[in-house]
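Q: Please walk me through one part of this model in detail. Give me its setting first, then the part itself.

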Amino acid sequence: MPNTKSAARALRRSERRRLRNRMWRSMARTFIKKARKLMEAGDLEAAARVIGDAISTLDRAAAKGAIHKNNAARRKSRLMKRFNALVKARLQQGQEQSA
């Protein structure tokens, strides 16, 4: 329970910010999960589209302060590393089959 008027205002303000930040973090996590599921299923074209959405959402969340910019960069890096590994494996499969 806040003791002063300013503490009560700060409490209300922090609650609004918490909810707003939670929305951005949740959206980013949802897009990352969708991308991972599509990559596991092998649908790289759809995964590429969803990865674009995930990267955009992570950047917006970082810009709005919902997550730290290094956190967004790390998540994007891990997502792209996994995607590029799958693309590389797919290309190598195609080359082996054609040779």
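A: Here is the whole chain in brief, followed by a close look at its second helix.

This is a predicted model: local features need pLDDT of at least 70, side-chain atom pairs count only at pLDDT 80 or more, and totals for chains, interfaces and linings use all residues. Residues are numbered from 1 along each chain as its sequence is written, and side-chain values use heavy atoms, leaving out hydrogens and water.

Start with the setting. The protein chain has three helices and zero strands. Both kinds of element are DSSP runs, numbered from the N terminus: helices are H or I with at least four residues, strands E with at least two. The order is α-α-α. The radius of gyration is 19 Å, well over the 13 Å that the globule rule gives for 99 residues, so the protein chain is more spread out than a compact globule. That radius is taken over C-alpha atoms, and the rule is 2.2 Å times the number of residues to the power 0.38. Along the principal axes, the C-alpha atoms fill a box of roughly 75 × 20 × 20 Å.

Next, burial. Buried means under 20% relative accessible area, exposed over 50%, and partly exposed in between, using a 1.4 Å probe and protein chains only. Buried residues are 21% of the 99 in the protein chain.

Now the helix. Helix α2 covers residues 44-63, and T57 sits in it. T57 has 1% relative accessibility, so it counts as buried. What does T57 touch, its neighbours within four places in sequence aside? Its contacts are W24, M27, A28 and F31. Contact here means heavy atoms within 4.5 Å.

R60 also lies in helix α2. R60 is partly exposed, because its relative accessible area is 39%. The C-alpha atoms of R60 and Q95 are 38 Å apart, with these positions 35 residues apart along the chain.

Then comes the core. A nonpolar core is a set of buried Ala, Val, Leu, Ile, Met, Phe, Trp, Tyr and Cys residues joined through side-chain atoms within 4.5 Å. The largest one has 18 residues; I51, L58 and I67 are among those with the most contacts inside it. Two or more residues come from each of α1 (5-41), α2 and α3 (69-98). Helix α2 gives the most, with eight residues. In soluble globular proteins, nonpolar side chains tend to be buried together.

Take I67 from that core. Residues up to four places away aside, I67 touches R25, L58, A61, A62 and A72.
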